[in-house]
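Trainee: I've got a new structure to get to know. Can we walk through it together?

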Amino acid sequence: MTRPSLYPVLLMIACLCALTPGMAHARVMVLFHSFNGSLFFGRYPHAFIELSGTLDADGRVIHENYGYTGNGTAMQALAGPMPGTIASEKEDYVKSTNVHFAVPISDQQYFAIRQEIERWRSGPESTYNLETHNCVNFVARIAELVGLKSEVPRSFEKRPKAWLNYLIGLNPQLHAQPIK
(Lines give C-alpha, C1' and ligand atoms only; values in the text may rest on other atoms or scores of the structure.)
Protein backbone atom coordinates (compact mmCIF):
# COMPACT_ATOMS: atom_id res chain seq x y z
CA MET A 1 0.00 0.00 0.00
CA THR A 2 1.40 3.39 -0.86
CA ARG A 3 0.98 6.67 0.87
CA PRO A 4 -0.94 9.48 -0.86
CA SER A 5 1.35 11.55 -3.04
CA LEU A 6 3.03 14.64 -1.64
CA TYR A 7 3.16 16.22 -5.10
CA PRO A 8 -0.05 18.30 -4.68
CA VAL A 9 1.21 19.58 -1.32
CA LEU A 10 4.62 20.46 -2.75
CA LEU A 11 2.98 22.23 -5.71
CA MET A 12 0.83 24.26 -3.33
CA ILE A 13 3.88 25.20 -1.23
CA ALA A 14 5.76 26.27 -4.37
CA CYS A 15 2.82 28.42 -5.50
CA LEU A 16 2.51 30.06 -2.09
CA CYS A 17 6.24 30.78 -2.04
CA ALA A 18 6.10 32.31 -5.51
CA LEU A 19 3.22 34.55 -4.45
CA THR A 20 4.97 35.76 -1.29
CA PRO A 21 7.50 38.41 -2.36
CA GLY A 22 10.54 38.92 -0.19
CA MET A 23 10.00 35.71 1.74
CA ALA A 24 13.22 33.72 2.21
CA HIS A 25 12.78 30.11 1.23
CA ALA A 26 14.57 27.13 -0.19
CA ARG A 27 13.18 26.20 -3.57
CA VAL A 28 14.49 22.67 -4.02
CA MET A 29 13.15 19.83 -1.91
CA VAL A 30 14.74 16.45 -1.30
CA LEU A 31 12.10 13.76 -0.86
CA PHE A 32 12.96 10.47 0.83
CA HIS A 33 11.27 7.41 -0.73
CA SER A 34 11.00 3.71 -0.03
CA PHE A 35 9.62 0.88 -2.12
CA ASN A 36 8.16 -2.07 -0.24
CA GLY A 37 9.29 -4.80 -2.64
CA SER A 38 10.18 -8.33 -1.61
CA LEU A 39 13.49 -9.98 -0.85
CA PHE A 40 12.28 -13.12 -2.62
CA PHE A 41 9.80 -12.13 -5.37
CA GLY A 42 9.84 -9.33 -7.93
CA ARG A 43 11.74 -6.18 -7.11
CA TYR A 44 13.78 -5.82 -3.91
CA PRO A 45 12.87 -3.26 -1.25
CA HIS A 46 14.56 0.01 -2.12
CA ALA A 47 15.30 3.49 -0.76
CA PHE A 48 16.06 6.49 -2.94
CA ILE A 49 15.83 10.27 -3.04
CA GLU A 50 14.06 12.70 -5.32
CA LEU A 51 15.21 16.27 -5.91
CA SER A 52 12.44 18.60 -7.04
CA GLY A 53 12.07 22.35 -7.37
CA THR A 54 13.91 25.35 -8.76
CA LEU A 55 17.46 26.48 -8.04
CA ASP A 56 17.61 29.99 -6.61
CA ALA A 57 20.84 30.91 -8.41
CA ASP A 58 19.76 30.39 -12.01
CA GLY A 59 16.09 29.36 -11.94
CA ARG A 60 16.86 25.92 -13.34
CA VAL A 61 14.03 23.45 -12.76
CA ILE A 62 15.17 20.30 -10.97
CA HIS A 63 13.29 17.00 -11.24
CA GLU A 64 15.67 14.11 -10.57
CA ASN A 65 15.80 10.95 -8.52
CA TYR A 66 18.71 8.77 -7.46
CA GLY A 67 19.14 5.47 -5.73
CA TYR A 68 22.07 3.12 -5.27
CA THR A 69 21.88 -0.50 -6.33
CA GLY A 70 24.00 -3.48 -7.23
CA ASN A 71 25.03 -3.81 -10.84
CA GLY A 72 24.29 -7.52 -11.14
CA THR A 73 21.80 -10.24 -10.28
CA ALA A 74 20.10 -10.88 -6.95
CA MET A 75 22.23 -14.01 -6.56
CA GLN A 76 25.41 -11.95 -7.01
CA ALA A 77 24.18 -9.47 -4.39
CA LEU A 78 23.57 -12.31 -1.93
CA ALA A 79 27.04 -13.71 -2.62
CA GLY A 80 28.92 -10.59 -1.57
CA PRO A 81 30.34 -7.31 -2.84
CA MET A 82 29.86 -6.39 -6.49
CA PRO A 83 29.98 -3.26 -8.62
CA GLY A 84 27.35 -0.71 -7.67
CA THR A 85 25.56 1.89 -9.71
CA ILE A 86 23.48 5.02 -9.26
CA ALA A 87 20.07 4.49 -10.83
CA SER A 88 17.27 6.89 -11.67
CA GLU A 89 13.74 5.55 -11.65
CA LYS A 90 10.93 6.09 -14.15
CA GLU A 91 8.10 8.41 -13.11
CA ASP A 92 5.53 5.60 -12.82
CA TYR A 93 7.77 3.77 -10.36
CA VAL A 94 8.41 6.94 -8.33
CA LYS A 95 4.66 7.53 -8.03
CA SER A 96 4.17 3.97 -6.72
CA THR A 97 6.56 4.40 -3.78
CA ASN A 98 6.24 5.68 -0.22
CA VAL A 99 7.23 9.31 0.33
CA HIS A 100 8.30 9.44 3.96
CA PHE A 101 9.19 13.13 4.23
CA ALA A 102 10.61 16.09 2.33
CA VAL A 103 13.31 18.56 3.36
CA PRO A 104 13.90 21.98 1.78
CA ILE A 105 17.52 22.44 0.70
CA SER A 106 19.71 25.29 -0.46
CA ASP A 107 21.47 25.44 -3.81
CA GLN A 108 24.71 24.67 -1.96
CA GLN A 109 23.19 21.50 -0.47
CA TYR A 110 21.84 20.50 -3.88
CA PHE A 111 25.34 20.69 -5.39
CA ALA A 112 26.82 18.82 -2.41
CA ILE A 113 24.27 16.05 -2.98
CA ARG A 114 25.15 15.90 -6.69
CA GLN A 115 28.85 15.65 -5.77
CA GLU A 116 28.09 12.79 -3.37
CA ILE A 117 26.08 11.03 -6.08
CA GLU A 118 29.14 11.12 -8.33
CA ARG A 119 31.29 9.60 -5.54
CA TRP A 120 28.84 6.70 -5.29
CA ARG A 121 28.66 6.40 -9.09
CA SER A 122 32.36 6.08 -9.83
CA GLY A 123 34.44 6.88 -6.77
CA PRO A 124 35.46 5.05 -3.63
CA GLU A 125 31.80 4.44 -2.70
CA SER A 126 30.98 2.48 -5.87
CA THR A 127 31.22 -1.09 -4.50
CA TYR A 128 27.78 -2.44 -3.55
CA ASN A 129 27.36 -4.78 -0.59
CA LEU A 130 23.85 -5.89 0.35
CA GLU A 131 24.88 -6.22 4.00
CA THR A 132 26.84 -3.02 4.58
CA HIS A 133 26.84 -0.65 1.59
CA ASN A 134 23.47 -0.49 -0.15
CA CYS A 135 20.59 1.88 -0.97
CA VAL A 136 19.89 2.55 2.71
CA ASN A 137 23.49 3.61 3.31
CA PHE A 138 23.34 5.89 0.25
CA VAL A 139 20.15 7.59 1.43
CA ALA A 140 21.63 7.86 4.95
CA ARG A 141 24.56 9.81 3.53
CA ILE A 142 22.21 12.17 1.68
CA ALA A 143 20.24 12.66 4.90
CA GLU A 144 23.47 13.65 6.68
CA LEU A 145 24.23 16.19 3.94
CA VAL A 146 20.91 17.93 4.61
CA GLY A 147 21.47 18.04 8.36
CA LEU A 148 19.52 15.02 9.58
CA LYS A 149 20.61 12.51 12.19
CA SER A 150 21.12 9.41 10.12
CA GLU A 151 22.52 6.28 11.72
CA VAL A 152 21.83 2.87 10.20
CA PRO A 153 21.58 0.13 12.84
CA ARG A 154 22.40 -3.29 11.44
CA SER A 155 18.79 -4.41 11.90
CA PHE A 156 17.69 -1.81 9.31
CA GLU A 157 20.38 -2.46 6.63
CA LYS A 158 17.97 -4.31 4.30
CA ARG A 159 14.70 -2.69 5.42
CA PRO A 160 14.38 0.71 3.66
CA LYS A 161 10.82 1.51 4.77
CA ALA A 162 11.48 0.55 8.39
CA TRP A 163 14.75 2.51 8.35
CA LEU A 164 13.11 5.69 6.98
CA ASN A 165 10.45 5.36 9.69
CA TYR A 166 13.30 5.02 12.21
CA LEU A 167 14.89 8.16 10.75
CA ILE A 168 11.65 10.05 11.38
CA GLY A 169 11.98 9.12 15.05
CA LEU A 170 15.57 10.40 15.15
CA ASN A 171 14.51 13.73 13.62
CA PRO A 172 11.33 15.03 15.30
CA GLN A 173 11.83 18.40 13.55
CA LEU A 174 10.53 16.70 10.39
CA HIS A 175 7.00 16.54 11.85
CA ALA A 176 6.46 13.40 9.75
CA GLN A 177 4.45 10.32 10.55
CA PRO A 178 5.84 6.80 10.05
CA ILE A 179 4.33 4.85 7.18
CA LYS A 180 2.62 1.61 8.13
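Mentor: Sure, we'll talk about a helix, the core and some charged residues, keeping in mind that this is a predicted model.

Trainee: Let's start with α4. How far apart are its end C-alpha atoms?

Mentor: They are 23 Å apart. Helix α4 covers residues 107-122, and at 1.5 Å a residue its 16 residues should span 22 Å, so the model agrees with the expected value.

Trainee: Which residues of α4 are buried?

Mentor: Asp107, Tyr110, Ile113, Glu116, Ile117 and Trp120.

Trainee: And what covers them?

Mentor: The cover includes the strands β1 (28-35), β2 (46-54), β3 (61-70), β4 (82-87) and β5 (98-105), along with helix α5 (135-145).

Trainee: Okay, on to the core. How many residues are in the largest nonpolar one?

Mentor: It has 39 residues. Val30, Phe32, Ile49, Leu51, Phe101 and Phe138 have the most contacts inside it.

Trainee: Which elements give two or more residues to this core?

Mentor: β1, β2, β3, β4, β5, α4, α5 and α6 do. The one that gives the most is α5, with seven residues.

Trainee: You mentioned Ile49. What does Ile49 touch?

Mentor: Leaving out residues up to four places away in sequence, Ile49 touches a list that includes Val30, Phe32, Tyr66, Ile113, Phe138 and Ile142. His33, Glu64 and Asn65 are among its contacts too.

Trainee: What about α6, is it mostly covered or mostly open?

Mentor: Mostly covered: eight of the 11 residues in α6 are buried. Among them are Pro160, Lys161, Trp163 and Leu167. The buried residues of α6 pack against β1, β2, β5 and α5.

Trainee: Switching to charges now. How many salt bridges does the structure hold?

Mentor: There are 10. Some of them form a network that links Glu116, Arg119, Glu125, Arg141 and Glu144.

Trainee: Let's pick Glu116. Is Glu116 buried or exposed?

Mentor: Buried, because its relative accessibility is 6% and the cut-off for buried is under 20%. Arg119 is partly exposed, with a relative accessible area of 36%.

Trainee: How far apart are the closest N and O atoms of Arg119 and Glu116?

Mentor: They are 3.6 Å apart, and the pair forms a salt bridge. Arg119 and Glu116 are three residues apart in helix α4, so about one helical turn separates them.

Trainee: Why does that spacing suit a pair on a helix?

Mentor: An α-helix has 3.6 residues a turn, so residues three or four places apart point the same way.

Trainee: What about Arg141 and Glu116?

Mentor: Those two form a salt bridge as well, with the closest N and O atoms 3.3 Å apart. Arg141 lies in helix α5 and Glu116 in helix α4, so this pair ties together parts that are 25 residues apart in sequence. Arg141 is partly exposed, at 27% relative accessible area.

Trainee: And where does Glu125 come in?

Mentor: Glu125 meets Arg119 in a salt bridge, at 2.7 Å from N to O.

Trainee: One last residue: where is Glu50?

Mentor: Glu50 is in strand β2. Glu50 is buried yet has no salt bridge, and Lys95, the nearest side chain of opposite charge, is 9.3 Å away.

Trainee: So which side chain does Glu50 make a polar contact with?

Mentor: The side chain of His33, at 2.8 Å.

Definitions and conventions:
Residues numbered from 1 in each chain as written. Predicted model: local features only at pLDDT ≥ 70, side-chain atom pairs only at ≥ 80, totals over all residues. Heavy atoms only, no water. Helix = DSSP H or I, 4+ residues; strand = E, 2+ residues; numbered from the N terminus. Expected span 1.5 Å × (residues − 1). Buried < 20%, exposed > 50% of the residue type's maximum accessible area, 1.4 Å probe, protein only. Contact = heavy atoms within 4.5 Å. Core = buried A, V, L, I, M, F, W, Y, C linked by side-chain atoms within 4.5 Å. Salt bridge = Lys/Arg side-chain N within 4 Å of Asp/Glu carboxyl O. Lys, Arg positive; Asp, Glu negative; His and termini not counted. Polar contact = N/O pair within 3.5 Å; in protein donor to acceptor, adjacent residues only side chain to side chain.
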